[in-house]
Amino acid sequence: MILAVLFANSEGNILVERFNGVPAEERLHWRSFLVKLGADNLKGVKNEELLVASHKSVYIVYTVLGDVSVYVVGKDEYDELALAEVIFVITSAVKDVCGKLPTERLFLDKYGRICLTLDAIIWKGYLENTDKDRIRRLVRLKSPTEF
Amino acid sequence: MAQPLVKKDDDRDDEVDYSPFLGIEKGAVLQEARVFNDPQLDPRRCSQVITKLLYLLNQGETFTKVEATEVFFAVTKLFQSRDMGLRRMVYVIIKELSPSADEVIIVTSSLMKDMTSKTDMYRANAIRVLCRITDGTLLTQIERYLKQAIVDKNPVVASAALVSGIHLLQTNPEIVKRWSNEVQEAVQSRAALVQFHALALLHQIRQNDRLAVNKLVSSLTRGSVRSPLAQCLLIRYTSQVIRESTNDTQTGDRPFYDFLEGCLRHKAEMVIFEAARAITELNGVTSRELTPAITVLQLFLSSSKPVLRFAAVRTLNKVAMSHPMAVTNCNIDMESLISDQNRSIATLAITTLLKTGNESSVDRLMKQITNFMSDIADEFKIVVVDAIRSLCLKFPLKHRSLMNFLSNILREEGGFEYKKAIVDSIVILIRDIPEAKESGLLHLCEFIEDCEFTYLSTQILHFLGIEGPKTSDPSKYIRYIYNRVHLENATVRAGAVSTLAKFGAMVDGLKPRIFVLLRRCLFDNDDEVRDRATLYLNTLGGDGAVVETDEGVKEFLFGSLDVPLVNLENSLKNYDPSEKAFDINSVPKDVKTQPLAEKKATSKKPTGLGAPPPGPPSTVDAYEKLLSSIPEFASFGKLFKSSAPVELTEAETEYAVNVVKHIFDGHVVFQYNCTNTIPEQLLENVTVIVDASEAEEFAEVASKPLRQLPYDSPGQTFVAFEKPEGVSAVGKFSNMLRFIVKEVDPSTGEAEDDGVEDEYQLEDLELVAADYMLKVGVSNFRNAWESMGVDFERVDEYGLGPRDSLAEAVNAVINLLGMQPCEGTEVVPPNSRSHTCLLSGVYLGNVKVLVRLQFGLDGPKDVAMKLAVRSEDETVSDTIHEIVASG
């Protein structure tokens with residue numbers, strides 16, 4: 001299960017957080033843990049270079065995309081490799097929505113579309129769509145082209 | 001992506017000012033949501049408001065029930081709009097608002113309409129929303145559409161229905177299981193993701209049907225699987241099938257191994273890893289099977305992508321636990337990862353190296369780790385400390401450098417958990433490696449000179465009190481202990497006073513000086529410290545002269561209480577001070593929660609410090625106390641060994657029973673730990689009827705029934721057998737649980753008066769030769785072997801017949817004898833044709849035994865073994881040979 005997807009700005013403020021199967025009382029802990037992880041490790045990291053960590057039996061893959069940092073947390077079948085796939089889908093779709101590497105402002109300008117994009121990619125903790133062209137069409141309620 | 005410079009600057013100008021959500025406020029957004037009720041809907045405006053609502057929800061903002069209901073009802077009005085963009089937003093916000101069951105009804109008809117719409121994307125999205133908010137009753141109404149959707153030719157619709165099925169299987173399994181034909185069809189889909197989702201759902205539907213899973217795997221491993229994700233799933237399911245099947249005994253081949261090996265050459269890294277992991281986790285994996293997997297993992301160790309390096313080193317770390325020799329080829333690559341920027345990778349590399357390194361590489365490794373320790377977090381440091389402890393136990397001759405390393409890091413900055421891990425490790429090393437004792441104790445003494453954690457100080461003082469007096473020069477610890485009396489808080493001061501008194505009681509020569517120090521403590525400003533000092537001064541005797549302290553006094557002051565601490569705590573809580581004085585004899589000695597505690601204890605890491613056990617007994621000492629408190633067993637003498645609990649029932653049965661085998665010189669006691677898992681039942685007069693017809697040398701002499709066994713409150717019943725004195729008799733015992741069962745009213749918790757006698761068949765229990773052997777290691781096998789001498793040495797050769805591998809033969813003999821492998825010799829290097837294994841133990845009658853096993857491959861599979869035994873008693877040396885000959 002993909003336990004969480006989180007976007008934060010360069011100061012560590014949350015832009016998007018979506019949890020699946022994480023009790024409400026644990027979310028705050030996860031939020032601060034991830035933001036601290038980013039603050040400790042993401043400085044100077046190239047765009048889309050993936051970093052990885054594990055905490056007990058949970059895996060975390062995270063990266064920088066323009067002015068925002070992206071974190072994906074998973075367990076069981078969503079180990080570091082599956083999460084690398086998930087975060088790759090997310091970052092390419094977000095770049096696609098923004099038209100370039102997002103600044104914080106651009107990210108917020110496209111907020112609604114980004115929410116729809118995430119909805120098309122992950123559904124209640126499972127990866128549902130992986131192709132960015134298809135995702136772009138799904139967000140506009142259009143059938144995939146290859147079909 | 002190159003863009004004109006001017007354009008970039010323009011962007012920057014726009015961005016400096018404000019965020020579109022600056023100053024956003026929930027109340028205001030809820031007001032704005034009234035726009036959904038407008039007769040003339042403005043789709044753009046409505047989409048903006050929904051985005052704001054999503055922003056609030058994604059920031060962790062919550063809506064009250066009333067607020068959520070209001071917004072939800074307003075949102076349902078938006079189904080009137082035909083704007084596609086808005087409709088997409090509506091689907092998302094409904095899912096986010098998660099309406100309650102009574103509200104769902106308002107939106108069902110609109111969603112059902114969309115679900116049967118001709119527009120594919122309406123169908124896909126409506127399915128996702130409906131399945132998110134629906135309950136069982138509605139599901140039966142829409143089931144027909146969902147089944148159609150699974151085989152829909154539009155992959156998005158099919159995937160929506162399949163992923164919905166995965167979620168619905170948790171809540172409505174009966175309904176989803178009816179879709180298996182359609183899901184089976186979807187597994188054959190040409191769309192990669194549909195196949196992935198269908199495979200996941202089909203496996204979940206059939207996971208308890210072993211044959212069906214086997215068929216699924218057989219057909220898919222032959223055919224083509226389109227997406228790497230589906231291929232990974234298939235590999236996982238294949239591993240499951242392999243685990244549950246047996247090898248082809250004729251050829252020794254493992255079913256589906258070729259498929260896994262083929263996946264190592266797949267173009268997707270994800271698939272390669274999954275296959276490599278699956279191979280490394282195979283039961284009894286051979287070095288031939290392991291090699292290709294290790295080779296691909298080794299390549300990934302030098303990948304430029306951190307995720308791949310992490311995955312590779314994580315997998316190799318696991319392999320190193322069971323097959324350390326197989327990983328040694330990767331050591332050079334792994335050493336370069338110690339300086340990896342990603343600390344998770346570096347920590348995994350170090351702990352793997354610590355597991356795979358040999359004795360000669362320890363010093364070099366420690367140097368590298370020292371540099372690394374200063375820049376990692378405490379949680380990683382704890383992992384490294386644990387690995388170093390294991391390494392030290394494996395190579396006891398290296399204790400000096402490893403102990404120095406531990407003491408150095410003990411002086412550095414660190415939190416409580418980290419410091420506790422180091423202290424625990426030092427304590428374990430002191431206990432297991434006699435040569436490390438004195439230096440270890442001094443390291444601990446130095447640590448408490450500057451320790452900020454009261455808990456650790458008191459625990460170390462307690463440990464010093466036990467071990468310090470037994471050293472060659474106990475006086476050198478006194479200064480460290482007495483310093484605590486001056487410099488610490490009251491808790492530590494009281495601990496220090498007790499430790500001083502222990503030295504006084506155990507070392508007569510120190511008593512006069514200890515008395516001087518204790519007298520100074522009489523002026524402490526804390527009651528407890530003064531009370532302790534007074535008590536010790538008045539009881540240790542001799543008024544400070546060099547005299548021996550009475551054994552009774554020692555037992556009174558420092559002996560453990562004869563009752564479980566949990567029971568004592570409960571009794572003290574219930575004690576009313578206004579009545580008569582508290583009587584420790586009134587504390588019950590029965591241990592109620594023992595089986596559960598034992599289970600936990602076996603799964604936990606060994607804890608270091610010798611503080612009194614906080615809960616019920618779990619060691620031989622505690623068992624000894626428990627058994628000696630039962631009059632029927634009091635005459636059996638000293639307890640030699642207690643086994644780990646052996647389960648006699650399957651998991652999740654009505655009654656859970658495990659047994660602990662207690663071995664005495666002339667007796668054996670079976671302690672049956674029983675748990676009643678049925679709330680509506682009370683069991684009374686619980687006994688185990690043991691049939692010892694297949695254990696001829698045993699005669700039942702006593703049985704102690706358990707009076708009551710209420711729900712979820714474990715209890716014990718015992719059966720004792722007599723056996724020939726000093727003889728390691730073996731046999732098989734069949735067990736039947738007999739009891740009177742009474743119905744319990746769940747509302748009142750009261751049991752009926754009348755009960756019915758009933759029986760419950762338990763698994764058989766075997767007493768084997770290994771039960772008479774204590775696993776006791778020696779730190780230097782060669783010294784121990786030489787000093788034992790050749791007087792009672794017995795040497796013979798044995799043919800062990802065809803074996804899967806040399807390692808399997810080594811393990812079989814170790815398990816048969818139940819002895820402690822020494823110096824890491826239980827690990828057989830891959831591809832070896834011969835191996836020497838060193839074992840040590842203490843046999844019934846407290847006879848030390850050392851064993852040297854030399855294995856060699858005789859032909860392709862046949863294993864030959866030379867067994868040399870040295871012990872303190874020639875009959876025991878002969879017995880070891882008899883055990884091997886008959887095993």
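## Salt bridges, buried side chains and surface features of a predicted model

The side chains of B:Arg128 and A:Asp119 form a salt bridge, with N and O 2.8 Å apart. This pair runs between chains: B:Arg128 belongs to helix 7 (residues 120-133) of chain B, and A:Asp119 to helix 4 (residues 111-121) of chain A. The model described here is predicted. B:Arg128 counts as buried because its relative accessibility is 4%, and A:Asp119 is likewise buried, with a relative accessible area of 2%.

### Salt bridges

Over all chains, a search of the whole structure finds 49 salt bridges. Side chains of opposite charge can pair when their charged atoms come close. Three of these pairs are set out below.

| Pair | Closest N to O distance |
|---|---|
| B:Arg128 and A:Asp119 | 2.8 Å |
| A:Asp133 and A:Arg136 | 2.9 Å |
| B:Arg210 and B:Glu244 | 3.7 Å |

The pair A:Asp133 and A:Arg136 lies within one element, helix 5 (residues 132-139) of chain A. Because the two residues are three positions apart in that helix, about one helical turn separates A:Asp133 from A:Arg136. A:Asp133 is partly exposed, at 36% relative accessibility, and A:Arg136 is also partly exposed, at 32%.

The salt bridge between B:Arg210 and B:Glu244 has its closest N and O atoms 3.7 Å apart. This pair links distant parts of the chain, with B:Arg210 in helix 13 (residues 210-222) of chain B and B:Glu244 in helix 14 of chain B, 34 residues apart. B:Arg210 is exposed, with 55% relative accessibility, whereas B:Glu244 is partly exposed, with a relative accessible area of 37%. Elsewhere, salt bridges with shared partners connect A:Asp119, A:Glu128, B:Arg88, B:Lys95 and B:Arg128 in one network.

Helix 14 (residues 228-244) of chain B also holds B:Gln240. At 15% relative accessibility, B:Gln240 counts as buried. Beyond its neighbours within four places in sequence, B:Gln240 is in contact with B:His203, B:Gln207 and B:Val213.

### Chain B as a whole

Chain B contains 38 helices and 17 strands. Of its 887 residues, 51% are buried. Among the contacts in chain B that join residues at least 6 apart in sequence, 64% are between residues at least 24 apart. The chain exposes about 42,400 Å², of which carbon and sulfur atoms supply 49%.

### Two buried residues in strands

B:His662 is located in strand 3 (residues 655-663) of chain B. With a relative accessibility of 0%, B:His662 counts as buried. Not counting residues up to four places away in sequence, B:His662 touches B:Tyr623, B:Leu627, B:Leu639, B:Lys641, B:Ser642, B:His667, B:Val668, B:Val669 and B:Gln671. With one of these residues, B:Ser642, the side chain of B:His662 makes a side-chain polar contact at 2.7 Å. The C-alpha atoms of B:His662 and B:Glu624 are 9.0 Å apart in space, while the two residues are 38 apart in sequence.

B:Tyr798 occupies strand 13 (residues 794-802) of chain B. A relative accessible area of 16% places B:Tyr798 in the buried class. Apart from neighbours within four places in sequence, the contacts of B:Tyr798 are B:Val863, B:Ala864, B:Met865, B:Leu867, B:His881, B:Val884 and B:Ala885. B:Ala864 is 66 residues from B:Tyr798 in sequence, and their C-alpha atoms are 5.9 Å apart. The side chains of B:Tyr798 and B:His881 make a polar contact at 2.6 Å.

### Cysteines

The structure holds zero disulfides over all chains. For B:Cys263, the closest cysteine sulfur is that of B:Cys232, and this sulfur is too far for a bond because the separation is 8.7 Å. A disulfide would require the two sulfur atoms to lie within 2.5 Å. B:Cys263 is buried, at 4% relative accessibility. B:Cys445 is also buried, at 0% relative accessibility.

### A nonpolar surface patch

On the surface, B:Phe73, B:Ile105 and B:Ile106 form a nonpolar patch, and together these residues have about 290 Å² of accessible area. B:Phe73 is part of helix 4 (residues 65-76) of chain B. Its relative accessibility of 34% means that B:Phe73 counts as partly exposed.

How values were computed. Residues are numbered from 1 along each chain as its sequence is written. Chains are lettered from A and ligands numbered from 1 in the order in which they are written. This is a predicted model: local features need pLDDT of at least 70, side-chain atom pairs count only at pLDDT 80 or more; totals for chains, interfaces and linings use all residues. Side-chain values use heavy atoms; hydrogens and water are left out. Patches are made of residues with over 30% relative accessible area and no salt bridge: like charges are joined within 9 Å, nonpolar side chains (Val, Leu, Ile, Met, Phe, Trp, Tyr) within 5 Å. Accessible areas come from the Shrake-Rupley method with a 1.4 Å probe; for residues, only the protein chains shown count as cover. A salt bridge is a side-chain nitrogen of Lys or Arg within 4 Å of a carboxyl oxygen of Asp or Glu. Helices (H or I, at least four residues) and strands (E, at least two) are DSSP runs, numbered from the N terminus. Buried means under 20% relative accessible area, exposed over 50%, partly exposed in between (1.4 Å probe, protein chains only). Contact means heavy atoms within 4.5 Å. A polar contact is a pair of N or O atoms within 3.5 Å; within protein, one must be able to donate a hydrogen and the other to accept it, and residues adjacent in sequence count only if both atoms are side-chain atoms.
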